[in-house]
Amino acid sequence: MEPILGVIERNSVKTAQALNVVLADEFLLYTKTRNVHSNLDKNDLHGKIMLFKAQYEELEVIMDSIAERIHSTGYNIPATLEVFLELEHLAEQYELKNDGMEAIADLLEDHESLIIRLQKKAAYFGNELQESGVGRYIIQLIEMHQNMIGSLKIYL
């Protein structure tokens with residue numbers, strides 16, 4: 001498949017590979033957020049339940065937009081859990097208390113860790129690959145994660 005629309009052909013493979021890593025991290029964060037929502041004590045604040053739902057829905061949108069970016073390079077995403085687990089950098093979530101506090105702290109740490117990696121990716125796309133459009137897109141993802149962090153911190 002030939003690269004299309006706005007991606008420098010010689011960098012399309014590197015762009016797709018770097019975005020695949022971002023997608024893997026977003027997928028694990030989505031899964032952890034969905035898990036927290038599903039396992040939260042239903043007697044807990046309704047606001048927490050709605051917060052986690054809103055965040056996993058936003059992460060779904062992010063994953064879809066990353067997949068579209070990958071496809072725009074002319075390459076497909078590695079849509080298997082095995083590949084995602086090889087690419088991602090976040091730790092899987094194990095048993096947490098159902099009060100949400102421990103889960104919120106874990107998700108905060110993941111968002112902050114992801115932001116650090118996204119900042120490096122933005123610089124990589126903008127400086128090394130000369131893909132300023134993808135770099136700006138990554139900065140938008142950073143802003144979305146910063147907003148999610150702000151929403152999570154309300155419940156600490």
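## A tour of the predicted model

Start by selecting residues 1-7: here pLDDT (the predictor's confidence in each residue, from 0 to 100) stays under 50, and the model has 15 contacts (heavy atoms within 4.5 Å) beyond four places in sequence for this stretch. Where pLDDT is low, don't read the predicted coordinates in detail.

A quick note on the ground rules: this is a predicted model, where local features need pLDDT of at least 70, side-chain atom pairs count only at pLDDT 80 or more, and totals for chains, interfaces and linings use all residues. Residues are numbered from 1 along each chain as its sequence is written, and side-chain values use heavy atoms, with hydrogens and water left out.

Now colour the chain by confidence. Its mean pLDDT is 83, with 76% of residues at 70 or more. Helices here are DSSP runs (H or I, at least four residues), numbered from the N terminus. Confidence is lowest in helix H3 (residues 81-87), at a mean of 59, and highest in H5, at 96.

Next, select Phe27 and Tyr30, which both sit in helix H1, 3 residues apart, about one turn of the helix. How are their rings arranged? They form a tilted aromatic pair, 6.3 Å centre to centre with 35° between the planes. Rings of Phe, Tyr and Trp (its six-membered ring) pair if their centres lie within 6.5 Å; planes under 30 degrees apart are stacked, over 60 edge-to-face, and the rest tilted.

Add Tyr56 to your selection: Phe27, Tyr30 and Tyr56 form one aromatic cluster.

Last, turn on the surface. Phe27 is partly exposed, at 24% relative accessible area, while Tyr30 is buried, at 14%. Buried means under 20%, exposed over 50%, and partly exposed in between (1.4 Å probe, protein chains only).

Definitions and conventions:
Helix = DSSP H or I, 4+ residues; strand = E, 2+ residues; numbered from the N terminus.
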